[in-house]
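Colleague: Hi, have you got a few minutes to walk me through this one? I would like to go from the overall picture down to single residues.

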Amino acid sequence: AEGREVVRGRTPQGPHTEEERAAFDKGLADRHAAQIEAAEKQVDRLREVVAELDAKVQAAEEAAETGAEEEDAEDAAPAEERREKRREAQMQVSRVRSQARRMKSQLTQMEGQVEKLRRQDPRQLAEQSLRKARQIRGVSATRDAVFIVAAEPTGFGYALWRLDGRLENPEKVL
């Protein structure tokens, strides 16, 4: 109650031994490599989609041109009907171009993310993850137990731990 230290202990989450740390580092490096691989697959797929959309844009433009040429040849068709066909073709070209621009923008962003992932040092990621894991977000106590909320070493979640009054015998509760 006076603010003096009564007992000192380790946080239960996170690697404490060299063996645990090596396993932690390897797991983090493996997840990092998997992230890069997944992001590269997304980039490849986006490139395919962009190529398909570019082909659609070209086809829509050609169809619009062909339609305009046919309209000139069809003097018998009412002028309003010809204008409506031309408008529809132009709208189709505009929609496909817009979609292609959005996909190209997504592709550029995703390529940037892949490069950022590639430049990240797994050791630095491990240190960041450990710093996060060692942060205690909440503490509560009863007569017999101390409860702490701490970030998990990996991912974005938190865990609730129960420790005895000497801050030993940790048990993950939630």
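Modeller: Happy to, so here is a tour from the whole chain to a few residues.

Modeller: This is a predicted model, where local features need pLDDT of at least 70 and side-chain atom pairs count only at pLDDT 80 or more, while totals for chains, interfaces and linings use all residues. Residues are numbered from 1 along each chain as its sequence is written, and side-chain values use heavy atoms, with hydrogens and water left out.

Colleague: Good. How many helices and strands are in the chain?

Modeller: The chain has three helices and four strands, and from the N terminus on the order is α-α-α-β-β-β-β. Both kinds of element are DSSP runs numbered from the N terminus: helices are H or I with at least four residues, strands are E with at least two.

Colleague: And what is the radius of gyration of the chain?

Modeller: The chain has 30 Å, against near 16 Å for a compact globule of 174 residues. That radius is taken over C-alpha atoms, and the globule rule is 2.2 Å times the number of residues to the power 0.38. Along the principal axes, the C-alpha atoms fill a box of roughly 95 × 30 × 25 Å.

Colleague: What share of the residues is buried?

Modeller: Buried residues are 24% of the 174 in the chain. Here buried means under 20% relative accessible area, exposed over 50%, and partly exposed in between, with a 1.4 Å probe and protein chains only.

Colleague: Let's look at helix α1. Is histidine 32 buried or exposed?

Modeller: Histidine 32, which is found in helix α1, is buried, with a relative accessible area of 7%. Setting aside neighbours within four places in sequence, histidine 32 is in contact (heavy atoms within 4.5 Å) with Leu117, Gln120, Pro122 and Leu125.

Colleague: What about glutamate 37?

Modeller: Glutamate 37 is also found in α1, which covers residues 18-73. Glutamate 37 is partly exposed at 46% relative accessible area. In sequence, glutamate 37 and valine 114 are 77 residues apart, yet C-alpha to C-alpha they are 8.9 Å apart in space.

Colleague: Leu125 came up just now. Which residues of α3 are buried?

Modeller: They are Leu125, Ala126, Ser129, Leu130 and Ala133. These residues lie on the same side of α3 because they cover an arc of only 135° around the axis, the arc being that of the directions from the helix axis to the C-beta atoms.

Colleague: Nice. Now the strands: what is their order in the sheet?

Modeller: The sheet is open, with four strands in the order β1-β2-β3-β4 and antiparallel pairing. The edge strands are β1 (136-141) and β4 (171-172), each pairing on one side only. Two strands pair if DSSP finds at least two bridges between them.

Colleague: How many bridges join β2 to β3?

Modeller: Seven bridges join β2 (residues 145-151) to β3 (residues 158-164), and valine 149 stands opposite leucine 160 in β3. As for β1 and β2, they pair over five bridges in the antiparallel sense, and a hairpin joins them through three residues. Alanine 141 has valine 146 in β2 as its bridge partner.

Colleague: Last topic, the loop between β3 and β4. What is the phi of leucine 167?

Modeller: Phi of leucine 167 is near 60°, a positive value in a residue other than glycine. Leucine 167 is partly exposed, with 23% relative accessible area. Asparagine 169, found in the loop between β3 and β4, has a positive phi near 55° and is exposed at 55%.
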